[in-house]
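User: Please pick one part of this model and look at it closely. Then connect it to the rest, step by step.

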Amino acid sequence: MFTDKIKFTHVESVISSGFEVLVADLALRDKVAYRAARKNMQIHSAIILHINDEFSGFMTFQVNHEAKEYCLLQSAMELDRKDKEVYSKMVGEIIKLNTFGYPMIMTCSTKHDLERPSVFEAIGFTTYLNLSGFAYMVYGTPDQVRMKRLAHATMTNVWTTTRSDWLKMKKEWNDKLEAAGEKYEIPNPKFASRDGCWQGNNGYSNVIGTSHKVKDGVIETIKGKSFNGNASVLDPVACEVILRFFMPTKGKRIYNPFGGGVQFGFVAGSYGYEYIASEIRQNQCDANNILCQDLNSAKWIKSDSSTYEPDGMFDLCFMCPPYYKVEKYIDYNDEIPEGELNNMATYEQFRDSLFEGYKNAIDHLNDNSFFVVMTGDSRDKNGAYYGSEAEHELFFKEQGLHIYNKIVYLECEFTRLAHAKRTLDYRKFPKREQKILVFYKGDMKKIKESYPPIGRL
Ligand SMILES: C[S@@+](CC[C@H](N)C(=O)[O-])C[C@H]1O[C@@H](n2cnc3c(N)ncnc32)[C@H](O)[C@@H]1O
């Protein structure tokens, strides 16, 4: 093979290059590369391989200047002339053409003999995701394909948060939070200030964390120890997805009227955005501001969002407000601040004050921007849902926003059997989801041009 004469020809488009039939014929015989016979694939560029002046292979690719990426598409070599080294040189020809510094992406099936992960790894590609027998690879840096990874983790409007890549990314964020906690001596930083939080009988520790022992002939109940008091804290991966998907390309500022835990500010600040949150508890503001001091652009301000006026305009609003009576929010000295939503006597008072907070935020949201609310319904003392989610949709519609996405956020199920044993006789299905309701203020036709393209998945 080494004495053979190897030549590569670059064609801008397979169609009209004179190679279209040769490419289609080889693609069909190769089987894995069969899609290169299709017209909608032949519109793309290719490197054509000649061995001893004979057509011997091809690799098609697409240069996407909008998404700023090179996508390697299909490749094949004549069945009797397959050679890893020559094949790698063909890929190298495409790398040489990429003078833009774009990431080059490639999806490899482990079934192919040439187009396989090990061959691309030897060329300098790395795998950023393994999914259903395919390796998603990049010649570039991990941050250049982070958005694709997030898109694969979500993909539809049901976000299953227990899959392996989701958990991997979550661990990365949590490790960073732990490091900030250690550096600034904030114990348990993911749950800081939420020790007194309460979830009644539904909390993990109360349901399956309780154990018993017999001592001196008496049965003792040992309450499940929960280091976080069962607090609901935001999932940093959900925060990252929301940030990356709903922040406009030119966006800089985020407002959260119900600040809560550190997660969203930490993620937004890590990306260099300015994050302002109104949070009614001083202890939560203090812990978060200490944890995020190195990021310099994430701030929690002690205030009641139903009356607080944030400075200036924002490019994204995101919040996870209280779900009525699901948790108790306690400040220093075990005090519940005046105006804290979950302390309102009735659901109607809670809802009206919550919606005042939203109204103030909507007024400070730029046109053509998203308003994202993570919410969940809760039940009244008789067991009926309040209908809070439905009221959200109607409220935002009345405010002139569009209901744009209704995302189901699915949590793990580990306490659900214990719940179901108690509730199914009453025909109540234990709740395993929360909603992420995405509203849009402005002209929906502008979305494609104002938000960054995802590129090829
Ligand atoms: C459900 S928590 C946020 C939950 C979120 N998942 C997290 O990570 O903490 C809602 C937050 O809203 C705060 N809050 C309650 N009433 C408020 C009000 N009127 N203005 C601003 N914040 C308020 C509570 O103190 C709590 O920290």
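Analyst: **Around one strand pair**

Start with one bridge: Val 408 has Lys 435 as its bridge partner in E17. The model is a predicted one, where local features need pLDDT of at least 70 and side-chain atom pairs count only at pLDDT 80 or more, while totals for chains, interfaces and linings use all residues. Residue numbers run from 1 along each chain as its sequence is written, and side-chain values use heavy atoms, with hydrogens and water left out.

A word on names. Helices (H or I, at least four residues) and strands (E, at least two) are DSSP runs, numbered from the N terminus. Two strands pair if DSSP finds at least two bridges between them.

Now widen the view. Eight bridges link E16 and E17, in the antiparallel sense. On another side of the story, E16 (residues 402-410) runs parallel to strand E8 (residues 158-160), with three bridges between them. Val 408 appears here too: Val 158 stands opposite this residue of E16. So which residues does Val 408 face? They are Val 158 and, in E17, Lys 435.

Lys 435 leads on to a helix. Lys 435 is one of the residues in contact (heavy atoms within 4.5 Å) with Glu 389, leaving aside neighbours within four places in sequence. The others in that list are Thr 375, Gly 376, Asp 377, Lys 431, Glu 433 and Leu 437. Glu 389 belongs to helix H12 (residues 388-398). Is Glu 389 buried or exposed? Its relative accessibility is 13%, so it counts as buried. The scale is this: buried means under 20% relative accessible area, exposed over 50%, and partly exposed in between, with a 1.4 Å probe and protein chains only. The Glu 389 side chain also comes to 3.4 Å from the backbone nitrogen of Asp 377. That is a polar contact, meaning a pair of N or O atoms within 3.5 Å; within protein, one must be able to donate a hydrogen and the other to accept it, and residues adjacent in sequence count only if both atoms are side-chain atoms.

Follow E17 to its end. After E17 (433-441) comes a loop that runs to helix H14 (447-450), and Asp 443 sits in it. Asp 443 has 29% relative accessibility, so it counts as partly exposed. Asn 368 is 75 residues away from Asp 443 along the chain, yet their C-alpha atoms are 6.0 Å apart.

Compare another strand pair. Strand E6 (residues 126-131) and strand E7 (residues 134-139) share five bridges in the antiparallel sense. One bridge matches Asn 130 with Ala 135 of E7. These two strands form a hairpin with two residues between them. In that turn, Ser 132 has a positive phi of about 45°.

Positive phi turns up in a loop as well. Lys 325 lies between strand E14 (314-319) and helix H11 (347-363). Its phi is near 65°, in a residue other than glycine. Asn 333 lies in the loop between E14 and H11, and its phi is about 55°, again positive in a non-glycine. Lys 325 counts as partly exposed because its relative accessibility is 39%. Asn 333, with a relative accessible area of 68%, is exposed.

Helix H8 gives a contrast. Nine of the eleven residues of H8 (residues 236-246) are buried, so the helix is largely enclosed by the rest of the structure. Among the buried ones are Pro 236, Val 237, Cys 239 and Phe 246. At the start of H8, a side-chain oxygen of Asp 235 comes within 2.8 Å of the backbone nitrogen of Val 237.

There is a ligand too. It is surrounded by 22 residues, where near means a heavy atom within 4 Å. The closest are Arg 194, Gly 261, Glu 279, Arg 281 and Tyr 329. A ligand oxygen lies 2.6 Å from a side-chain N or O atom of Glu 279. Another listed pair joins a ligand oxygen to a polar backbone atom of Gly 261, at 2.7 Å.

Finally, the whole. The protein has 14 helices and 17 strands. Of its 457 residues, 50% count as buried. Its C-alpha atoms fill a box of roughly 85 × 60 × 45 Å along the principal axes.
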